[in-house]
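Work through the exercises below with the sequence and the model side by side. Try each task before you read its solution.

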Amino acid sequence: MERCPQCRGRIKDTVCARCGVELDQVLDIEHQAEVLVQNCIHNLLMSRNDKALALAIQAAKLRNTLFNQAIVDFIKRQGDVSI
Ligand SMILES: [Zn+2]
C-alpha cells in the first residue's frame, strides 16, 4: 500500500504522513493477503487446486485486488476444483 485509504496521503512507516491515521492493522491485513496468495500459488504448483482456490478466495476477501481476483478466476477456469 502506497497511499492512505482514508485521505490518499503518502504512508510513512505505519502512519499516514498527511492525516496521521495509524495503518498497522490495515498493513497487517495486506500482509496476510500476500501470504495467502503465496501459499495459493505453492498449492497450485503442487496441483492442489481445491486448496489453492480456498486460499485465493480468502486472499481476495482480505484484499480485493485485480491480481487476487484474477487468481481466483484462473483456478476456477482450470475446472478441477470442487468449491
Ligand atoms: Zn491519511
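Helices (H or I, at least four residues) and strands (E, at least two) are DSSP runs, numbered from the N terminus. The model is predicted: local features need pLDDT of at least 70, side-chain atom pairs count only at pLDDT 80 or more, and totals for chains, interfaces and linings use all residues. Residues are numbered from 1 along each chain as its sequence is written.

**Exercise 1. The elements**

Task: List the secondary structure and give its order along the sequence.

Solution. Count first. The protein has three helices and two strands. Now read along the sequence. The pattern is β-β-α-α-α.

**Exercise 2. Overall dimensions**

Task: Set the radius of gyration of the protein against that of a compact globule of 83 residues.

Solution. Start with the rule: the radius is taken over C-alpha atoms, and the globule value is 2.2 Å times the number of residues to the power 0.38. For 83 residues, a compact globule would come near 12 Å. The protein has 15 Å. Next, take the box along the principal axes. The C-alpha atoms fill roughly 45 × 15 × 15 Å.

**Exercise 3. Burial and the core**

Task: Find what share of the residues is buried, then locate the largest nonpolar core.

Solution. Fix the cut-offs. A residue is buried if 20 or more other C-beta atoms lie within 10 Å of its own, exposed if 12 or fewer, and partly exposed in between; C-beta atoms are placed from the backbone. On that count, 18% of the 83 residues are buried.

Next, the core. A nonpolar core is a set of buried Ala, Val, Leu, Ile, Met, Phe, Trp, Tyr and Cys residues joined through C-beta atoms within 7 Å. The largest one has twelve residues: L36, V37, C40, A52, L53, L55, A56, A59, A60, I71, V72 and I75. The elements that each give two or more residues are α1 (24-45), α2 (49-62) and α3 (66-77). The largest share, six residues, comes from α2. In soluble globular proteins, nonpolar side chains tend to be buried together.

Take L53 as a sample. L53 sits in helix α2. L53 is buried because 23 other C-beta atoms lie within 10 Å. L53 and F74 are 21 residues apart along the chain, and their C-alpha atoms are separated by 9.2 Å.

**Exercise 4. Helix packing**

Task: Describe how α3 packs against α1 and against α2.

Solution. Two packed helices are described by the angle between their axes and the distance between the axes. Axes are lines fitted to C-alpha atoms, for helices over the stretch in contact, and angles run from 0 to 180 degrees between N-to-C directions. Angles under 35 degrees count as roughly parallel, over 145 as roughly antiparallel, 65 to 115 as roughly perpendicular and the rest as oblique.

Step one: α1 and α3. Their angle is about 25°, and their axes are 11 Å apart. So α1 is roughly parallel to α3. The crossing is left-handed, a term used if the near helix is turned anticlockwise from the far one by less than a right angle (right-handed if clockwise). Contact means C-beta atoms, placed from the backbone, within 7 Å. Here A33, V37, C40 and L44 of α1 meet N68, I71 and I75 of α3.

Step two: α2 and α3. Their angle is about 155°, with axes 9 Å apart. So α2 is roughly antiparallel to α3. α2 also passes α3 in a left-handed crossing. From α2, the contact residues are N49, A52, L53, A56, I57, A59 and A60. From α3, they are N68, Q69, I71, V72, I75 and K76.

**Exercise 5. Positive phi**

Task: Place R8 and D13, and decide whether each is buried or exposed.

Solution. R8 has a positive phi of about 70° although it is not a glycine. R8 lies in the segment before β1. R8 is exposed because 11 other C-beta atoms lie within 10 Å. D13 has a positive phi of about 60° and is not a glycine either. D13 lies in the loop between β1 and β2 (15-16). D13 counts as exposed because it has 10 C-beta neighbours inside 10 Å.

**Exercise 6. Two glutamates**

Task: Compare the settings of E2 and E30.

Solution. E2 is in the segment before β1 (11-12). E2 counts as exposed, with 6 C-beta neighbours inside 10 Å. E2 and K12 are 9.0 Å apart, C-alpha to C-alpha. E30 is in helix α1. E30 counts as partly exposed because it has 14 C-beta neighbours inside 10 Å. Leaving out residues up to four places away in sequence, E30 touches M1 and R63.

Methods: Two residues are in contact if their C-beta atoms, placed from the backbone, lie within 7 Å.
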